[in-house]
Protein chains: 2
Amino acid sequence: MSSTPTGLTRPLIEEARERIAGKVNVTPVLTSSTLDELTGARLFFKCENFQKGGAFKARGATNAVFALSATQAQRGVATHSSGNHGAALARAAALRGSRAYVVMPDNTAKAKRAAVARYGAEITWCPPTQAARESAVREVLAATGATLIHPYDDLLVMAGQGTAAVELLGAVPDVEVLLCPVGGGGLLSGCAVAAKTLAPAIRVIGVEPAGADDAARSLRSGRIVPVAHPNTIADGLRATIGEHPFAEIRRRVDDIITVTDEAIVRAMRQLWEVMKIVVEPSGAVPYAALLDAPPAFRGRRIGIVISGGNLDLDHLPWGSATPAGAPSPVR
Amino acid sequence: MSSTPTGLTRPLIEEARERIAGKVNVTPVLTSSTLDELTGARLFFKCENFQKGGAFKARGATNAVFALSATQAQRGVATHSSGNHGAALARAAALRGSRAYVVMPDNTAKAKRAAVARYGAEITWCPPTQAARESAVREVLAATGATLIHPYDDLLVMAGQGTAAVELLGAVPDVEVLLCPVGGGGLLSGCAVAAKTLAPAIRVIGVEPAGADDAARSLRSGRIVPVAHPNTIADGLRATIGEHPFAEIRRRVDDIITVTDEAIVRAMRQLWEVMKIVVEPSGAVPYAALLDAPPAFRGRRIGIVISGGNLDLDHLPWGSATPAGAPSPVR
């Protein structure tokens, strides 16, 4: 399952596309005249919040699981992602008839536990530290012979994520700028390789929370610079960029820009209010770069990957405990 | 603008379709394998929350405004809907270059004020009673010569709303049951005429909040029976059914069933969580009828009109004031 030294190529992404066809959604590309007006650009939202499991992660996980040999598949797959990748891997394994072993910190939010449990994955709880997670995964791998599927530092996973950009450019060939969120870098690297090989003139820009800006720092310094204590509401983007994604990002990505948490929440709310779609904080990150209509993007045709829509509706980054609408007799 | 005695016909709906083409959205029909599993049925959601202005009301208002004579259009249009119809009428008038006069109770929620004001309508504030609204509208009509566009008791408005069902059946011809929310009855009557003339074997069922069940009572007793004090979270469905809609509903609708507010909130939350779409309480009402997989609907192909997605995100019918996600260093 682990990566080959060759790096991510278009053929790997095309293979991924064929492998996952019918197993994940071809998600819609939505537009909004209101947001076009507000930003002064023409926006095309690739809605991975409508993906199976509510996030783009279904693409990479499904590609990796269905690329396993029969013997590997029989032993199952493992990961230590508590987020969307864990659920996506559980689903992909269930589809293939394999077992999924998911290591989760014991403080994982209820909704995320449920998403993983729903597909019948075997969950191993561990203390919420990186060391504990890694050691728990090692134990699982030793006991089961399962294949580790890393959430992003894996060429097959990256290739799967890149299919989102293939679909977007298939639907809207003349996109000039592609904005992608960047956490571990699986989505951005996959989409960058897909976009730059399909449409070499496109600008590919990663967007990252200012409180977890390891990818921006790494791109500037030419080597991976982790952020010791990531601090952002965009919980899907706190990971440090992986080696394989970073290699592709250096080659293919034009820039990485950062946005504040305040902008992320404002962007998220605007997407909910105007587009009527549920987007998680991480998924609103690229749109946050367009708030206040920055001149660089004005008049451009911009593809935006909305990476997911999984969050706890009981704990929104706004709002109050006041229940909705006291009844009134007329409308 | 007011109705003719002939009732609503297919040709009126077809004319509406041509008249509003390009001025309102052809909204998507979404499906969800998860909700199909949960309900034991095959569901097709006609997503009017993705309509211009966030609700189906754009259809009827646009049809009525663009059917005005040039002279009428010059004098403008008026209404006393504080809800989605007011905003839809304001938008349609702006599109036609007409003025819109909207009478609103002075306790109208901020989001609804903003939606009307955004399109440049002239707002007249009045005390929040039916009598005050009606008298304020009379004054506006007398002063301006504007045409009153009723939110639902108007054949052109009803015809416009019916185009939603035409589109749904165009996309999914073999729907067996159509579920529509019912408040004033404009949407249900329009969709019922469209559906029954396009697909005579279809069952058309209105779904109504138990706390505002005037349509159900009226259908049973054969005459309009208002509910003195409607009490439901579904603020778009508190109106008493109109005479013209009621005439069509008696002719065309197979049944009207009621759902509790508890079911409406549960349905709404399930649509947000699973489908990642923002649906207002009224828009979740038809899906509420499918919770707990009632046997009558099992195995059926069911069209569901999600009527709108406009609500105050600061006051959701669940949730707490706790801000989202404390940061954690890994995922």
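Me: In this predicted model, what share of the contacts in chain A with a separation of 6 or more comes from residues 24 or more positions apart?
Reply: The model is predicted. Take the contacts in chain A with a separation of 6 or more. Count those between residues 24 or more positions apart, and the share is 75%.

Me: How many helices and how many strands does chain A have?
Reply: Look at the secondary structure of chain A. The strands come to ten, and the helices to 13. In the order you asked, that is 13 helices and ten strands.

Me: Why is chain A as compact as a globular protein of that length, and what is its radius of gyration?
Reply: The globule rule gives 20 Å for 331 residues. Chain A comes close to that value, so it is as compact as a globular protein of that length. The C-alpha trace spans about 60 × 55 × 40 Å along its principal axes. The radius of gyration itself is 19 Å.

Me: What percentage of the residues of chain A count as buried?
Reply: A residue is buried if 20 or more other C-beta atoms lie within 10 Å of its own. Chain A has 331 residues to sort this way. The buried share is 57%.

Me: How far apart do the C-alpha centres of domain 1 and domain 2 of chain A lie?
Reply: Domain 1 of chain A is made of two stretches, 10-56 and 154-306. Domain 2 of chain A covers 58-148. Their C-alpha centres lie apart by 24 Å.

Me: Which element supplies the largest share of the side of domain 1 of chain A that touches domain 2 of chain A?
Reply: In this contact, 21 residues of domain 1 of chain A meet 16 residues of domain 2 of chain A. On the domain 1 side, α1 (10-20) and α8 (155-171) of chain A each supply at least two residues. That side has ten nonpolar, seven polar and four charged residues. The largest share of it, eight residues, comes from α8(A).

Me: Which residues of the largest nonpolar core touch the most other members?
Reply: In soluble globular proteins, nonpolar side chains tend to be buried together. Here the largest nonpolar core holds 214 residues. One of those that touch the most other members is B:Leu89, and its contacts include B:Ala61, B:Val65 and B:Ile149. The full list is A:Leu89, A:Cys191, A:Ile264, B:Leu89, B:Cys191 and B:Ile264.

Me: How many of the six residues of strand β10 of chain B are buried?
Reply: Strand β10 of chain B spans residues 301-306. The rest of the structure largely encloses this strand. The strand β2 (residues 42-47) of chain B pairs with β10(B) in the parallel sense over six bridges, and β7 (residues 177-181) of chain B does so over three bridges. Of the six residues in β10(B), the number buried is five.

Me: Which residue stands opposite B:Phe44 in β10(B)?
Reply: Both strand partners of β10(B) offer an example. From β7(B), B:Val177 stands opposite B:Ile302. For B:Phe44, the residue opposite is B:Gly303.

Me: In β10(A), what is the bridge partner of A:Leu178?
Reply: In chain A, β10 (residues 301-306) is mostly covered, with five of its six residues buried. Six bridges join β2(A) to β10(A) in a parallel run, and there A:Arg42 stands opposite A:Arg301. Strand β7 (residues 177-181) of chain A also pairs with β10(A), over three bridges. For A:Leu178, the partner is A:Gly303.

Me: What is the phi of A:Lys276?
Reply: Most residues other than glycine have a negative phi. A:Lys276 is not a glycine, yet its phi is positive. This residue lies in the loop between α12 (261-275) and α13 (281-288) of chain A. Its phi is about 60 degrees.

Me: Is B:Lys276 buried or exposed?
Reply: B:Lys276 sits in the loop between α12 (261-275) and α13 (281-288) of chain B. It has 27 other C-beta atoms within 10 Å. The cut-off is 20 or more, so B:Lys276 is buried.

Me: How far apart in space are B:Ala247 and B:Gly222, C-alpha to C-alpha?
Reply: B:Ala247 belongs to helix α11 (residues 243-252) of chain B. With 15 other C-beta atoms within 10 Å, B:Ala247 is partly exposed. B:Gly222 is 25 residues away from B:Ala247 in sequence. In space, the C-alpha to C-alpha distance is 9.6 Å.

Methods
Residues are numbered from 1 along each chain as its sequence is written. Chains are lettered from A and ligands numbered from 1 in the order in which they are written. This is a predicted model: local features need pLDDT of at least 70, side-chain atom pairs count only at pLDDT 80 or more; totals for chains, interfaces and linings use all residues. Helices (H or I, at least four residues) and strands (E, at least two) are DSSP runs, numbered from the N terminus. The radius of gyration is taken over C-alpha atoms; the globule rule is 2.2 Å times the number of residues to the power 0.38. A residue is buried if 20 or more other C-beta atoms lie within 10 Å of its own, exposed if 12 or fewer, and partly exposed in between; C-beta atoms are placed from the backbone. Two residues are in contact if their C-beta atoms, placed from the backbone, lie within 7 Å. Domain bounds come from an automatic or database domain assignment. Ala, Val, Leu, Ile, Met, Phe, Trp, Tyr, Cys and Pro count as nonpolar, Asp, Glu, Lys and Arg as charged, and the others, Gly among them, as polar. A nonpolar core is a set of buried Ala, Val, Leu, Ile, Met, Phe, Trp, Tyr and Cys residues joined through C-beta atoms within 7 Å. Two strands pair if DSSP finds at least two bridges between them. Lists of a residue's contacts leave out its neighbours within four places in sequence.
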